[in-house]
Amino acid sequence: MLTGSQPVSAVETKLTEEKTYCLRWADRFLSIKDGANYRENKISAAKFPMYVDLCLENYAELRNMYKKKSQSN
């Protein structure tokens, strides 16, 4: 059985979309919170995985919050 020949399941696609969104969200959040060069600061850079996990745990709520914000503007 070749794993590369199998189509990506809907669950895997959703997880990939969520993970991509959360990686970008955490990067934006930390660059705003700790400055554009947060990656060079060991303490700030160490926060990155924590914020990605936080986003993944609250993905639906975050998406809804930002959707409502964009509709009100």
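Arg39 is exposed in this predicted model, with a relative accessible area of 53%. Its side chain meets that of Asp27 in a salt bridge, with a nitrogen-to-oxygen distance of 2.5 Å. This pair connects distant parts of the chain: Asp27 belongs to helix α1, whereas Arg39 lies in the loop between α1 and α2, and twelve residues separate the two. Asp27 has a relative accessible area of 24% and is partly exposed. Because the limit for the exposed class is over 50%, Arg39 at 53% falls within that class, while Asp27 at 24% does not.

**Salt bridges**

The structure contains three salt bridges, which are set out below.

| Acidic residue | Basic residue | N to O distance |
|---|---|---|
| Asp27 | Arg39 | 2.5 Å |
| Asp34 | Lys33 | 3.3 Å |
| Asp34 | Lys47 | 3.2 Å |

Asp34 meets Lys47 across a separation of 13 residues, with Lys47 in helix α2 and Asp34 in helix α1. Through shared partners, Lys33, Asp34 and Lys47 are joined into one network of salt bridges. The accessibility of each member of this network can be stated individually. Lys33 is partly exposed at 43% relative accessibility. Asp34 is likewise partly exposed, at 28%. Lys47, with a relative accessible area of 21%, is also partly exposed. Since burial requires a value under 20%, Lys47 at 21% is not counted as buried.

**Disulfide**

One disulfide is found in a search of the whole structure. It is formed by Cys22 and Cys55, whose sulfur atoms are 2.1 Å apart. The torsion about their S-S bond is about -70°, and the disulfide is therefore left-handed. This pair, too, links distant parts of the chain, as Cys22 is in helix α1 and Cys55 is in helix α2, 33 residues apart. Both Cys22 and Cys55 are buried.

**Nonpolar core**

The two cysteines of the disulfide are also members of the largest nonpolar core. That core has eleven residues, namely Tyr21, Cys22, Trp25, Ala26, Leu30, Tyr38, Tyr51, Val52, Cys55, Tyr59 and Leu62. At least two core residues come from each of α1 (10-34), α2 (42-57) and α3 (59-72). The greatest contribution is that of α1, which supplies five residues. Leu62, one of the core residues, is in contact with Trp25 and Cys55 when its neighbours within four places in sequence are set aside. Cys55 thus appears both as a contact of Leu62 and as the disulfide partner of Cys22.

**Overall fold and surface**

The protein has three helices and zero strands. Along the sequence, the helices give the pattern α-α-α. Of the contacts between residues at least 6 apart in sequence, 50% join residues at least 24 apart. Buried residues account for 18% of the 73 residues in the protein. The accessible surface amounts to about 5900 Å², and carbon and sulfur atoms provide 57% of this area.

Considered together, helices α1 and α2 are linked by the disulfide between Cys22 and Cys55 and by the salt bridge between Asp34 and Lys47. Helix α3 joins them in supplying at least two residues to the largest nonpolar core.

Key: Residues are numbered from 1 along each chain as its sequence is written. This is a predicted model: local features need pLDDT of at least 70, side-chain atom pairs count only at pLDDT 80 or more; totals for chains, interfaces and linings use all residues. Side-chain values use heavy atoms; hydrogens and water are left out. A nonpolar core is a set of buried Ala, Val, Leu, Ile, Met, Phe, Trp, Tyr and Cys residues joined through side-chain atoms within 4.5 Å. Buried means under 20% relative accessible area, exposed over 50%, partly exposed in between (1.4 Å probe, protein chains only). Helices (H or I, at least four residues) and strands (E, at least two) are DSSP runs, numbered from the N terminus. Contact means heavy atoms within 4.5 Å. Accessible areas come from the Shrake-Rupley method with a 1.4 Å probe; for residues, only the protein chains shown count as cover. A salt bridge is a side-chain nitrogen of Lys or Arg within 4 Å of a carboxyl oxygen of Asp or Glu. A disulfide is a pair of cysteine sulfur atoms within 2.5 Å.
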